[in-house]
Amino acid sequence: MSSHKENEAWKEAAVVEDRNFRPNKGNGGRRKAPFYKVLQGMPIAVDAFRYGSIPDVTAYFLTHAHSDHYTNLASNWKSGPIYCSQGTANLIIHMLSVDPKWVHPLPMDISSEIPNTGGVRVTLIEANHCPGSCLFFFEGPQTVNAGDSVFKSSYVGSTRTFRYLHCGDFRASPKHVLHPAVKGKRIDHIYLDTTYLDPKYTFPPQPLVISACAELAKRIVSGQSTTDDAGGKTRTVDSFMSVQGRSSEKKKDGKILVVVGTYSIGKERIVKAIAQALNTRVYCDARKAAILRCQSDPELHALLTTDPISAGVHLVPLSVITSDKLKTYMDRFQGNYTRAIGFRPTGWTYTSPAGSDSSPSIPSILSRAASRPPFTYASLRPTRNSTGALTLYGIPYSEHSSFFELTCFAMSLEWGKMIATVNVGSAISRGKMGRWIEKWEAERKKRGKTEVVKYRELDYW
Ligand SMILES: [Zn+2]
């Protein structure tokens, strides 16, 4: 699609996304699917359940079980087969009562042929987002102009093989670009999770944040210092506690409860790491436990208990991790704990320092990681409204890619077109994201050949 045509297609997409849309006879009783929900030339839709039966689509894919991706998917679904990972299949059958006859879980990491699509194959790649989430890598011919868009592909019926990588929601890592299904291949379209496609979104790699939380919890529970050895100026629990006229040493003998907030599915990795570091069990209510049991995670299942008092870690809704709500929660277990530590994992909590470049060059973005200070337990600070009995922490834990990671990902693959799938509602936001995509393209051209951006570890840049 030419850039003029693409602009027109986005305009068409904006019209169909209209909030005031009401189904009636005149509009066919359904919302029209925007072009980026249906793969070009293939009878395949991704995360497009809100549009009902899309013309000529024979395979409906779901990247993961977050509500904004499965909108309208319910027990009455009958528009066609749904393909997803085993974890996502369990979740949509359990949470949404989708009739299992429509749900087709596919294996991870190996290519499977998708029935009734003219020979398109798909490989599922772990997305590093929530449990069950995956990227879809499609390979095959263009056989049909499916969907509602008026823009038609001229390659339909040609013998060329097209490759599309749909990222759903993901946290980009070197593992994605090194995956044998993708590595070294030219990808025609990448559908990108552009949640944080803006240089102001910087946050540390997930594995570092997870181990920082686990280490911090261990130190607090065992009464060790939570300041770094260099005695940094960071405001820590110890300094905080002395301000409050209590010493953390004194608290050592009391029972401390760690409470982690989550919404929907996701962030289980922090909970697991903390429970393992403290050598304790995890408690959550029965509804949440049933959802956790849908996930293929035996390690997590083994940690779960139905007895809140025997668990050193509780998993609660995110809204509980505020000083007043957490106090109410703790009152339920009066006398059992002397203190609560609340972890509130949220996405982006960092703001770029004032005066930082809002339009850095690609090479300067790529060289940033090396200059970042390490992220450790000492980087985590209690929030201002913490008290001796309730200490709260905001955790910069994101299950979406940072701007830096998106740039590393885009520079490590060879692609024809990058299509934004998040924050596409306004022309201004699309314009801003489009300029970054153009910058990536220009830098790739300048470099001539595509090389995987140097990484610190296999699971983060
Ligand atoms: Zn998601």
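How many residues apart are Arg219 and Glu215 in helix α5? Keep that in mind as we visit a few close-up views of this predicted model.

**Figure 1. A salt bridge within helix α5 joins Arg219 and Glu215.** Here is the answer: the two residues are four apart in helix α5 (residues 206-221), so about one helical turn separates them. The closest N and O atoms of this salt bridge are 2.8 Å apart. Look at how the partners sit: Arg219 counts as buried because its relative accessibility is 14%, while Glu215 is partly exposed at 27%.

**Figure 2. Helix α15 holds a salt bridge between Glu443 and Arg447.** These partners are also four residues apart, which means about one helical turn lies between them. Their closest N and O atoms are 2.9 Å from each other. Glu443 is buried, with a relative accessible area of 8%, and Arg447 is partly exposed, with 40%.

**Figure 3. Asp148 and Arg30 form a salt bridge.** In this view the closest N and O atoms are 2.8 Å apart. Asp148 belongs to the loop between β7 and β8 and Arg30 to the loop between α1 (3-16) and β1, so the pair ties together parts that are 118 residues apart in sequence. Both Asp148 and Arg30 are buried. The structure holds 14 salt bridges, if you would like to look for others.

**Figure 4. Lys185 takes part in a network of salt bridges.** The linked residues are Glu139, Arg163 and Lys185. You can find Lys185 in the loop between α4 and β9 (186-192). Lys185 is partly exposed, with a relative accessible area of 25%. Leaving aside residues up to four places away in sequence, Lys185 touches Phe137, Glu139, Arg163 and Glu414.

**Figure 5. Four protein residues donate atoms to a zinc ion.** The donors are His64 (NE2), His66 (ND1), His129 (NE2) and Asp169 (OD), lying 2.1 to 2.3 Å from the zinc ion. Along the chain, the donors follow the spacing H-x1-H-x62-H-x39-D. His129 and Asp169 link distant parts of the chain: His129 is in the loop between β6 (121-126) and β7 (134-140), and Asp169 is in the loop between β8 (162-166) and α4 (174-178), 40 residues apart. Both His129 and Asp169 are buried. Why is the arrangement of the four donor atoms irregular? The donor atoms subtend angles of 89 to 163° around the zinc ion, which makes the arrangement irregular; to count as tetrahedral, all angles would have to lie between 85 and 135 degrees.

**Figure 6. Asp56 and Asn423 each have a positive phi without being glycine.** For Asp56, phi is about 65°, and for Asn423 phi is near 60°. Asp56 sits in the loop between β1 (44-46) and β2 (59-61), whereas Asn423 sits in the loop between β16 (414-420) and α15. Asp56 is exposed, with a relative accessible area of 52%, and Asn423 is partly exposed at 40%.

**Figure 7. Val452, Tyr455 and Leu458 make a nonpolar surface patch.** The patch covers about 230 Å². Tyr455 is in the segment after α15 (427-447), and this residue counts as partly exposed at 34% relative accessibility.

Notes:
Residues numbered from 1 in each chain as written. Predicted model: local features only at pLDDT ≥ 70, side-chain atom pairs only at ≥ 80, totals over all residues. Heavy atoms only, no water. Donors = N, O, S within 2.8 Å, 3.2 Å for Na, K, Ca; no water. Tetrahedral: all angles 85-135°; square planar, octahedral: opposite > 155°, others 65-115°. Buried < 20%, exposed > 50% of the residue type's maximum accessible area, 1.4 Å probe, protein only. Patch = residues over 30% accessible without salt bridge, like charges linked within 9 Å, V, L, I, M, F, W, Y side chains within 5 Å. Areas by Shrake-Rupley, 256 points an atom, 1.4 Å probe, with all protein chains shown as cover. Salt bridge = Lys/Arg side-chain N within 4 Å of Asp/Glu carboxyl O. Contact = heavy atoms within 4.5 Å.
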